[in-house]
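Open the model in your viewer and keep the sequence beside it. The stops below give a selection to make and then what is found there.

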Amino acid sequence: LVGHSGAGKSTIINLLPRFYDPKSGKITIDSKDIKNVTLSSLRKNISMVSQDVILFDDTVHANIAYANMNASKEQIKKACDFAAASDFIEELPNSYETIIGENGVRLSGGQKQRISIARAFLKNSPIILLDEATSSLDAESEEKVQNAVISLTKNKTTLVIAHRLSTIIRANKIIVINKGKIIDAGTHDELLKNSSTYKNLYSKQLSA
């Protein structure tokens with residue numbers, strides 16, 4: 001999902017786990033209306049990685065295990081390996097048992113993102129909602145988070161809010177949103193040819 005700030009991208013993402021419901025129409029997943037399944041069933045099948053990572057004043061281990069309370073230490077370690085988080089965790093004073101402070105105050109932005117991605121790996125849900133959160137990271141952290149995201153979304157149904165269009169060039173379908181409406185849809189190459197809005201967004205980022 002691409003578009004200018006305030007176009008409605010986050011609203012669409014937030015409708016899927018039913019943080020709120022549409023006033024008209026319906027949302028279906030595999031032809032099933034999401035209003036006809038329980039909230040717990042719906043949300044069990046969705047993982048969300050957003051700009052605002054919610055972390056608890058607890059250990060790294062507890063923050064990641066929140067996604068799957070029955071996970072073993074080996075499973076948590078594996079999720080952290082996939083999320084490119086193991087190296088920095090093992091350098092913390094008490095490794096996985098380090099208390100990270102309220103909302104992860106003792107971690108950098110990139111580290112918090114990788115904890116969030118490790119959680120999503122551990123949950124292993126078939127649908128990933130990704131509100132891309134790399135725009136405020138330094139180049140090294142951004143590259144690590146991007147690589148972790150590529151691992152996370154492999155063979156999953158993934159909806160991405162793209163702030164940096166370079167990250168979604170290979171998407172199966174890119175949807176351009178403006179003032180709450182879909183104005184164009186297609187692959188990157190198709191949109192460059194046929195969508196003046198997309199072409200404008202892309203050109204601006206290339207020259208930024």
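Two strands count as paired if DSSP finds at least two bridges between them. Helices (H or I, at least four residues) and strands (E, at least two) are DSSP runs, numbered from the N terminus. This is a predicted model, in which local features need pLDDT of at least 70 and side-chain atom pairs count only at pLDDT 80 or more, while totals for chains, interfaces and linings use all residues. Residues are numbered from 1 along each chain as its sequence is written, and side-chain values use heavy atoms, with hydrogens and water left out.

**The sheet**

Select residues 127-131, which are strand E4. E4 belongs to an open sheet of 3 strands in the order E3-E4-E5, with parallel pairing. Add strand E3 (46-49) and strand E5 (157-161): these stand at the edges with a single partner strand each, so one side of each has no neighbour in the sheet. Neighbouring strands here are turned by 15° against each other on average, direction ignored; the axes behind this angle are lines fitted to C-alpha atoms, for helices over the stretch in contact, and angles run from 0 to 180 degrees between N-to-C directions.

Now look at the pairing. E3 and E4 run parallel and are joined by 4 bridges, and E4 pairs with E5 in the parallel sense over 5 bridges. Which residue of E5 does Ile128 stand opposite? Ile128 stands opposite Thr158. Ser47, in turn, stands opposite Ile128 in E4. Select Leu130 next; its bridge partner in E5 is Val160.

Stay on E4 and switch on the surface. Is E4 enclosed or open to the outside? 5 of the 5 residues of E4 are buried, so the strand is largely enclosed by the rest of the structure. Buried means under 20% relative accessible area, exposed over 50%, and partly exposed in between (1.4 Å probe, protein chains only). Both faces of E4 are covered, with Ile127, Leu129 and Asp131 buried on one side and Ile128 and Leu130 buried on the other.

**The core**

Select Val2, Ile64, Ile89 and Ile117. These residues have the most contacts inside the largest nonpolar core, which has 41 residues. Such a core is a set of buried Ala, Val, Leu, Ile, Met, Phe, Trp, Tyr and Cys residues joined through side-chain atoms within 4.5 Å. The elements that give two or more residues to this core include helix H6 (109-123), E4, helix H7 (139-153), strand E6 (174-178) and helix H9 (196-207). Which element gives the largest share? H6 does, with 6 residues.

**Salt bridges**

Display the charged side chains. The whole structure has 3 salt bridges, a salt bridge being a side-chain nitrogen of Lys or Arg within 4 Å of a carboxyl oxygen of Asp or Glu.

Select Lys77 and Asp81, whose side chains meet in a salt bridge (2.9 Å, N to O). Both residues lie in helix H4, 4 residues apart, about one turn of the helix. Lys77 is partly exposed at 31% relative accessibility, and Asp81 is partly exposed at 43%.

Add Glu90, whose side chain also meets that of Lys77 in a salt bridge (3.7 Å, N to O). This pair links distant parts of the chain, Glu90 in helix H5 and Lys77 in helix H4, 13 residues apart. Salt bridges that share partners thus join Lys77, Asp81 and Glu90 into one network.

Move to Arg18, which forms a salt bridge with Asp21; the closest N and O atoms are 2.8 Å apart. Asp21 is partly exposed, with a relative accessible area of 33%.

**A surface patch**

Select Ile54, Phe56, Tyr66 and Met69, which make a nonpolar surface patch of about 460 Å². Patches are made of residues with over 30% relative accessible area and no salt bridge, with like charges joined within 9 Å and nonpolar side chains (Val, Leu, Ile, Met, Phe, Trp, Tyr) within 5 Å. Accessible areas come from the Shrake-Rupley method with a 1.4 Å probe; for residues, only the protein chains shown count as cover. Met69 lies in the loop between helix H3 (60-65) and helix H4 (73-82) and is exposed, with a relative accessible area of 64%.

**Two backbone angles**

Most residues other than glycine have a negative phi. Select Ala84, in the loop between H4 and H5. Ala84 has a positive phi of about 55° although it is not a glycine, and is partly exposed at 30% relative accessible area. End at Asn155, in the loop between H7 and E5, which has a positive phi of about 60° and is exposed at 77% relative accessible area.
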